[in-house]
2 protein chains.
Amino acid sequence: LTTRNSAVSEYTERDLIARIQQRLPPAPDWLLVGIGDDAAVVEPERNRVEVLSVDAIVEGVHFDRAFVPPEAIGHRALAVNLSDLAAMGAAPRLALLSLALPRDLQVAVFDGIADGLAALAARHRVHIVGGNLTSTAGPLTIDITVIGTVKRRQAMTRDGARAGDELYVSGSIGSAGAGLELLREDSGRQTDDLGLTTAYLRPEPRVRLGLLLGRNRAASACVDLSDGLADGLHRIAEASGVGVAIDEDKLPIDQAARRLFDRRGVDPTVAAMSAGDDYELLFTARPRLRHRLGAALRHGGAPLTRIGVCTERRDLTIARSDSVEPIASGYRHFR
Amino acid sequence: LTTRNSAVSEYTERDLIARIQQRLPPAPDWLLVGIGDDAAVVEPERNRVEVLSVDAIVEGVHFDRAFVPPEAIGHRALAVNLSDLAAMGAAPRLALLSLALPRDLQVAVFDGIADGLAALAARHRVHIVGGNLTSTAGPLTIDITVIGTVKRRQAMTRDGARAGDELYVSGSIGSAGAGLELLREDSGRQTDDLGLTTAYLRPEPRVRLGLLLGRNRAASACVDLSDGLADGLHRIAEASGVGVAIDEDKLPIDQAARRLFDRRGVDPTVAAMSAGDDYELLFTARPRLRHRLGAALRHGGAPLTRIGVCTERRDLTIARSDSVEPIASGYRHFR
């Protein structure tokens, strides 16, 4: 009766939930009551504290359906949450999914979102234990709550940095921002810079890196770069009561991203530091405990670059070719 | 610089979060990291399992700002979630709040929503441990995840009813539906039927009743009536593999609601059974264990009415003055 090019409004809630459920692996044994009752019932993990985060992505604010395929929407919706857990050093465990769907959304799009979400969830062993579906007269909105676990003393916060601690960032910065620029052009789909567009469409949350940093107590403070490096530096500095001094030369800006920013006539350093969506980790480490970074360097799945140091002086600066400049505040207007 | 009649888009995210935080009580000692880091960190409760639920309310689908005041929007957003916990017999513990705000939303409205939410949270000792704010080009959307706790053997599900079990409903049904009808008219604000409009605007989740039913193992199955009695009966019947036979005469339909439905020329029984938003509990109890209902009857905060019985035959029927009619399916189209 209904086909893959029909709208979600032609389905019952139960049908749509079943389409998600059929993409999920068998329930883990700690899940006592799963999807289908008023609420899920879960056995907590022994000797661990719980780490909880919620994040929403809204069409028109966080993604544009014109160039973000459904599967990437599902992937990103979960990735932004897993990135928060990674920044705390937590192992992801479960997620609750709340979708507000335009009534005319094609069920093929719904399926694609569920595919992207389920694939990333399976890779990180996150079980989707419950959710909610509603229609909306507005944009597609995906709200996900994730819960992870960590040993109490291994949880990383943003307030532990001290003057003298060194600042590290994982992977590269600005790649997702450059990828978004490429996708915004019609040429986006044909670009050779697949690394950039992939960085935007399918960011890899640094879960393993976060776990290794936490487990080895290698980081004194950690945040994820959902809102860009400048914002992340401000958050650590403010929470820890330190300043930061970073070196432009050290910033791990992808060469392809740098070329793209150059072509646009924008300063690559400024662009890469203010671009969001990178989902890398920014952390601080005591120089004398640098050896603790070994496991994270070898098995963390991303290069780590030392970009600067925390300072007694409470200002945030970047040393450029022949000047030292302040790093603009990360406090963003509500958008 | 900004005033109470300015829009949320004139504020930073941090300002808006602070406006919520200032309405919250001091953090409980099990909250190790609260609002302000990448995620919250929580010590789980010993010897309890966790009950998790997520629910969203969307302007234009679940409420209309023309007649639902901001404080009632905040109240309802949390109440629908607490009702899910009540149906499982769980004690509420914490909530995560995700708001998608139209950029032109007045900050006074934002404050009102936060007031309604914080007041209900305080009453039920639910601590808001984290959240997310985003703007949207669409309707105001409030997404809440709640977590409660319960002793493993005291969690109530919907699949435990057996033939012969008696069906009970708390409070009255149809009141919220009638209240919504009144509010939809302009006269809503001037009505004398304050009980009805309050039932819609500020439903009282039956948390205490759910706890007592679970603690005394008094109910064999339980659901909440967010989507109406007919829907609730279908959910218990299907999950438990039983039929139900109820008596029209027994239904606790509020007299004022009955009069309103009569005036509209609609069948009060049909209207009250299909109206949503009541947030009462529907549960089943073994006749020989009826004494276990004592505490719930005395201290549950709501009258309990026996409305029928579960049957071996798998059909759902209602006995009316001179006929026995089937109860229409609760499976709703996605809306």
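**Figure 1. Overall fold of chain A in the predicted model.** Chain A contains ten helices and 13 strands. Its radius of gyration is 21 Å, close to the 20 Å that the globule rule gives for 335 residues, so chain A is as compact as a globular protein of that length. The model shown here and in the following views is a predicted one. Computed along the principal axes of chain A by calculation, the C-alpha trace spans about 70 × 50 × 35 Å. Of the 335 residues in this chain, 62% are buried. Contacts between residues at least 6 apart in sequence join, in 85% of cases, residues at least 24 apart.

**Figure 2. Relation between chain A and chain B.** A turn of 180° with a shift of 0.0 Å along the axis lays chain A on chain B, and the RMSD is 0.0 Å. This is the relation of a two-fold axis. A:Gly138 is the residue of chain A that comes closest to the rotation axis, its C-alpha lying at 2.0 Å. The copies meet through the same surface, because 100% of the interface residues of chain A are also interface residues in chain B.

**Figure 3. The open sheet formed by strands of both chains.** Six strands make up this open sheet, in the order S5(A)-S4(A)-S6(A)-S3(A)-S2(B)-S1(B), and their pairing is mixed. Strand S5 (127–136) of chain A and strand S1 (31–33) of chain B are the edge strands, each pairing on one side only. On average, neighbouring strands of the sheet are turned by 20° against each other, direction ignored. In general, the strands of a sheet pair through backbone hydrogen bonds, either parallel or antiparallel.

**Figure 4. Strands S4 and S5 of chain A with helix H3.** Strand S4 (residues 91–102) of chain A runs parallel to S5(A), and nine bridges join the two. Within this pair, A:Ala100 stands opposite A:Thr134 of S5(A). Helix H3 (residues 107–123) of chain A lies across S4, S5 and strand S6 (141–150) of chain A. The helix runs at about 170° to S4(A).

**Figure 5. The buried strand S7 of chain B and its two partners.** Strand S7 (residues 166–170) of chain B is largely enclosed by the rest of the structure, because five of its five residues are buried. In a regular strand the side chains alternate between the two faces of the sheet. Here B:Glu166, B:Tyr168 and B:Ser170 point one way from S7(B), whereas B:Leu167 and B:Val169 point the other way. S7(B) pairs in the antiparallel sense with strand S10 (residues 281–285) of chain B over four bridges, and B:Leu167 has B:Thr284 as its bridge partner in S10(B). S7(B) also pairs in the antiparallel sense with strand S11 (residues 304–311) of chain B, over five bridges. In S11(B), B:Thr305 is the bridge partner of B:Val169.

**Figure 6. The hairpin of strands S12 and S13 in chain B.** Four bridges hold the antiparallel pairing between strand S12 (residues 316–320) and strand S13 (residues 323–326) of chain B. Two residues form the hairpin connection from S12(B) to S13(B). B:Ile318 has B:Glu325 of S13(B) as its bridge partner.

**Figure 7. Cysteines B:Cys222 and B:Cys310.** Zero disulfides are present over all chains of the structure. The sulfur of B:Cys222 lies 12 Å from the closest cysteine sulfur, that of B:Cys310, which is too far for a bond. B:Cys310 is likewise in no disulfide. B:Cys222 is buried, with a relative accessible area of 0%, and B:Cys310 is buried with 3%.

**Figure 8. Two residues of chain B with positive phi.** Most residues other than glycine have a negative phi. B:Asn47 has a positive phi, near 60°, and is placed in the loop between strand S2 (40–42) and strand S3 (49–58) of chain B. B:Asn47 is exposed, its relative accessible area being 69%. B:Tyr279 also has a positive phi, near 55°, and is placed in the loop between helix H9 (268–274) and S10 of chain B. B:Tyr279 is buried, with a relative accessible area of 7%.

Note on methods: Residues are numbered from 1 along each chain as its sequence is written. Chains are lettered from A and ligands numbered from 1 in the order in which they are written. This is a predicted model: local features need pLDDT of at least 70, side-chain atom pairs count only at pLDDT 80 or more; totals for chains, interfaces and linings use all residues. Side-chain values use heavy atoms; hydrogens and water are left out. Two strands pair if DSSP finds at least two bridges between them. Axes are lines fitted to C-alpha atoms, for helices over the stretch in contact, and angles run from 0 to 180 degrees between N-to-C directions. Contact means heavy atoms within 4.5 Å. Copies are superposed by least squares on the C-alpha atoms of residues with pLDDT of at least 70 in both. A disulfide is a pair of cysteine sulfur atoms within 2.5 Å. Buried means under 20% relative accessible area, exposed over 50%, partly exposed in between (1.4 Å probe, protein chains only). The radius of gyration is taken over C-alpha atoms; the globule rule is 2.2 Å times the number of residues to the power 0.38.
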